[in-house]
Amino acid sequence: SSDPVLAQANEPDNRFGGWEFIEINHNFKQSRWFVTEYFEHDNFQYKRLDCWYNRVTAGYNLLPWLKTAVNYDILRDPDAWTHRAVFDLTGTLKQQNLKVSVRERYIHSWTPELDNQGDVLRSRLKVQYHVPKTSFSPYVAIEGFTWDGNWQRSRHYLACTYDITKHVQLEGYYMYYTYKNKPSEHIIGLGINLDI
């Protein structure tokens, strides 16, 4: 039989990593429609690729404070390709420099190579504050992953955005990623948001 201590020692250490991303968004003039392209590269210890994924989004602003979106993800990890159908509904309330948003996201994923499918509901609360007379907007957020009434994992963000121009924004965050059945992770995220 295999030695569980030895097997655990041979597993890669995923407790620290970095996520790098770029997001490009376009709002159609004279229309409530928008499209977004998002690419992310995830690594651990800055030594090993965990995965990368690409998300294409078509969205519609139902009301000034409510939007919906349909997304398609393709994700590549070391073992397989995963496809995901993603549906979002986001409500946002603003009061002067304070902004609070709640997002519900349903994901159906399938991995043909592993003959595997699954569903998850991701619920996120985000509170952001724009510091007056600066380009900084720090925020905190928490996102829970559940399905069929069962908690799977959650993400806890401490982050900030910085507006370089009206159309270019830097974003950085620290994320504490907790799981139901494996050790927590510490993630440093850094990316750029473009509005074209």
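1. A word on terms before we start: strands here are DSSP runs of E at least two residues long, numbered from the N terminus. With that in hand, K133 is easy to place, in the loop between β7 and β8 (136–147). Please keep in mind throughout that this is a predicted model.

2. Staying with K133, have a look at its backbone. Its phi is near 65°, a positive value in a residue other than glycine. Is K133 buried or exposed? K133 counts as exposed because its relative accessibility is 89%, and the cut-off for that label is over 50%.

3. D115 makes a good companion to that residue. You will find D115 in the loop between β6 and β7 (116–129). Its phi is near 50°, again a positive value in a residue other than glycine. The relative accessibility of D115 is 74%, so this residue counts as exposed.

4. Now to the strands that come before that loop. Strand β4 covers residues 66–76 and strand β5 covers residues 81–95; the two pair in the antiparallel sense, over 11 bridges. They form a hairpin, with four residues between them. If you would like a landmark for the register, I74 stands opposite H83 in β5.

5. On to the next pairing of β5. Strand β6 (residues 98–111) runs antiparallel to β5, and 13 bridges join them. A useful marker here is R84, which stands opposite S109 in β6. These strands also form a hairpin, this time with two residues between them. Which residue in that turn has a positive phi? It is Q96, at about 55°.

6. Let us turn to the interior. As general background, nonpolar side chains in soluble globular proteins tend to be buried together. In this model, the largest nonpolar core has 20 residues, and those touching the most other members are W19, Y139, Y157, Y173, M175, Y177 and I187. Two or more residues come from each of β1 (16–27), β2 (33–44), β3 (48–63), β8, β9 (150–163) and β10 (168–179). β10 gives the largest share of this core, at four residues.

7. Finally, M175 deserves a closer look on your screen. Leaving aside residues up to four places away in sequence, what does M175 touch? Its contacts are W19, R155, H156, Y157, E185, H186 and I187. Of these, W19, Y157 and I187 are also listed, like M175 itself, among the core residues that touch the most other members.

Note on methods
Residues are numbered from 1 along each chain as its sequence is written. This is a predicted model: local features need pLDDT of at least 70, side-chain atom pairs count only at pLDDT 80 or more; totals for chains, interfaces and linings use all residues. Side-chain values use heavy atoms; hydrogens and water are left out. Two strands pair if DSSP finds at least two bridges between them. Buried means under 20% relative accessible area, exposed over 50%, partly exposed in between (1.4 Å probe, protein chains only). A nonpolar core is a set of buried Ala, Val, Leu, Ile, Met, Phe, Trp, Tyr and Cys residues joined through side-chain atoms within 4.5 Å. Contact means heavy atoms within 4.5 Å.
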